[in-house]
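Visitor: I have a protein on my screen and a list of terms I only half understand. Could you take me through them one by one?

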Amino acid sequence: MLPFHQAVEDDFAAVNQLIIDQLHSDVGLVENIGHYIVDAGGKRLRPLLVLLCANALGYQHRQHIDLAAIIEFIHTATLLHDDVVDVSELRRGRPTANAQWGNAPSVLVGDFLYSRAFQMLVAIGSMDIMAIMSDTTNTISEGEVQQLVNAKDPEVDEANYYTVIHKKTGALFEAACETAAVLFQAPETTRESLKAYGYHLGLAFQLIDDALDYEGDAEALGKNVGDDLAEGKPTLPLIRAMAKGDAMDRELIANAIREGAVEQLNNIVEIVRKTGALEDTKQAAIDHAEQAKATLADLPPSKFKTAMEQLADFAVGRDH
């Protein structure tokens with residue numbers, strides 16, 4: 001357990017138990033796939049953010065446990081759908097649900113998790129939180145569609161890229177933090193600060209993920225290195241490498257994006273490194289992590305605030 005998990009250890013255990021309880025279904029396949037995905041592990045960062053923010057504010061009730069589980073269900077549903085869209089075969093070192101059971105069951109169980117999350121949201125009974133979560137799931141869906149539109153298009157620019165990673169990743173980080181503030185009935189300035197923390201942290205995480213696809217180790221990452229290239233995703237390392245490389249570099253990368261040409265991976269990794277595009281991507285992540293920490297300035301000192309600062313550092317210091 002990482003230090004920022006330890007700060008909310010009891011709450012985290014309660015969230016895990018609630019997730020197990022809420023996966024119950026009369027249809028065995030729903031439970032099987034749900035447990036398979038949830039039991040795969042991962043850092044559970046999005047529910048962790050709910051717990052850390054709520055505790056940093058001094059929240060004294062139990063609905064943050066429900067909210068954290070809701071956030072995790074929504075995230076898990078997006079993973080199930082993502083893996084089908086991306087035709088992924090590996091996640092967190094294990095076969096994906098679609099590789100194990102097929103596309104149709106994966107999509108339908110993703111739908112079950114979305115609907116279970118909204119059942120639980122109704123039980124919380126906050127229209128403000130429901131509005132945030134309904135807007136967020138809509139935003140995530142838009143991001144997925146935009147990423148699909150961008151696939152195999154080497155003309156995608158940085159502004160477009162950042163829009164997609166905000167919608168796909170940053171939005172749910174934002175929602176986790178903002179809804180915790182709403183539960184506490186925090187003032188608007190605190191709510192906006194925590195939302196900004198989630199925004200910058202989400203971008204930092206995604207930027208590092210995109211960098212790791214061109215330098216990471218497949219075993220450590222639990223996925224195939226080069227997956228982004230295989231899917232023709234124009235991520236920041238490639239966008240920067242095309243901007244900074246020579247004409248031959250640009251043409252090689254553009255063709256690889258258009259064709260999803262993983263056989264060019266080694267050559268592209270070399271270009272990404274020699275142009276400094278990898279360092280640019282990491283530096284962008286570091287900048288967002290620093291901005292995330294800066295948003296916490298007005299929170300009172302506590303082990304929870306410290307954990308949130310540690311989490312921002314972890315976001316950019318990891319190798320998987």
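**Reading the terms**

Guide: Start with Glu 270, which sits in helix 15. Keep in mind that the model is predicted.

Visitor: Why is Glu 270 called partly exposed?

Guide: Its relative accessible area is 47%. Buried means under 20% and exposed means over 50%. The value for Glu 270 falls in between, so Glu 270 is partly exposed.

Visitor: Which residues of helix 15 are buried?

Guide: Helix 15 covers residues 265-274, and its buried residues are Leu 265, Ile 268, Val 269, Ile 271 and Val 272.

Visitor: How do you know that the buried residues line one face of helix 15?

Guide: Look down the helix axis. The buried residues fall within an arc of 165°, so they line one face. The face turned away from that buried side carries the exposed residues Asn 266 and Lys 274.

Visitor: What do the buried residues of helix 15 pack against?

Guide: They pack against helix 12, helix 13, helix 14 and helix 16. Just after helix 15 comes Gly 276, with a positive phi of about 80°.

Visitor: Which residue has a positive phi although it is not a glycine?

Guide: Arg 44 is one, with a phi of about 50°. Arg 44 is found in the loop between helix 3 and helix 4. Gln 185 is a residue other than glycine too, and its phi is near 60°. Gln 185 lies in the loop between helix 9 and helix 10.

Visitor: Are these loop residues buried or exposed?

Guide: Take them in turn. Arg 44 has 12% relative accessibility. The cut-off for buried is under 20%, so Arg 44 counts as buried. Gln 185 has 71% relative accessibility. The cut-off for exposed is over 50%, so Gln 185 counts as exposed.

Visitor: What makes His 75 count as buried?

Guide: His 75 has 9% relative accessibility. That value is under 20%, so His 75 is buried. His 75 belongs to helix 5, residues 63-85. Leaving out residues up to four places away in sequence, His 75 touches Arg 46, Arg 92 and Leu 172.

Visitor: Why is the link between the side chains of His 75 and Arg 46 called a polar contact?

Guide: The two side chains are joined at 3.3 Å. A polar contact needs a pair of N or O atoms within 3.5 Å, one able to donate a hydrogen and the other to accept it. The distance for His 75 and Arg 46 meets that limit, so the name fits.

Visitor: How do you know that Cys 53 is in no disulfide?

Guide: A search of the whole structure finds zero disulfides. For Cys 53, the nearest cysteine sulfur is that of Cys 177, 3.7 Å away. A disulfide needs two cysteine sulfur atoms within 2.5 Å, so this pair does not qualify. Cys 53 is buried, with a relative accessible area of 0%. Cys 177 is buried as well, with a relative accessible area of 0%.

Visitor: What makes the protein as compact as a globular protein of that length?

Guide: First, the parts: 17 helices and two strands. The radius of gyration is 19 Å, close to the 20 Å that the globule rule gives for 320 residues, so the protein is as compact as a globular protein of that length. Buried residues make up 55% of the 320 residues. The C-alpha trace spans about 60 × 50 × 30 Å along its principal axes.

Terms used
Residues are numbered from 1 along each chain as its sequence is written. This is a predicted model: local features need pLDDT of at least 70, side-chain atom pairs count only at pLDDT 80 or more; totals for chains, interfaces and linings use all residues. Side-chain values use heavy atoms; hydrogens and water are left out. Helices (H or I, at least four residues) and strands (E, at least two) are DSSP runs, numbered from the N terminus. Buried means under 20% relative accessible area, exposed over 50%, partly exposed in between (1.4 Å probe, protein chains only). Contact means heavy atoms within 4.5 Å. The arc is that of the directions from the helix axis to the C-beta atoms. The radius of gyration is taken over C-alpha atoms; the globule rule is 2.2 Å times the number of residues to the power 0.38.
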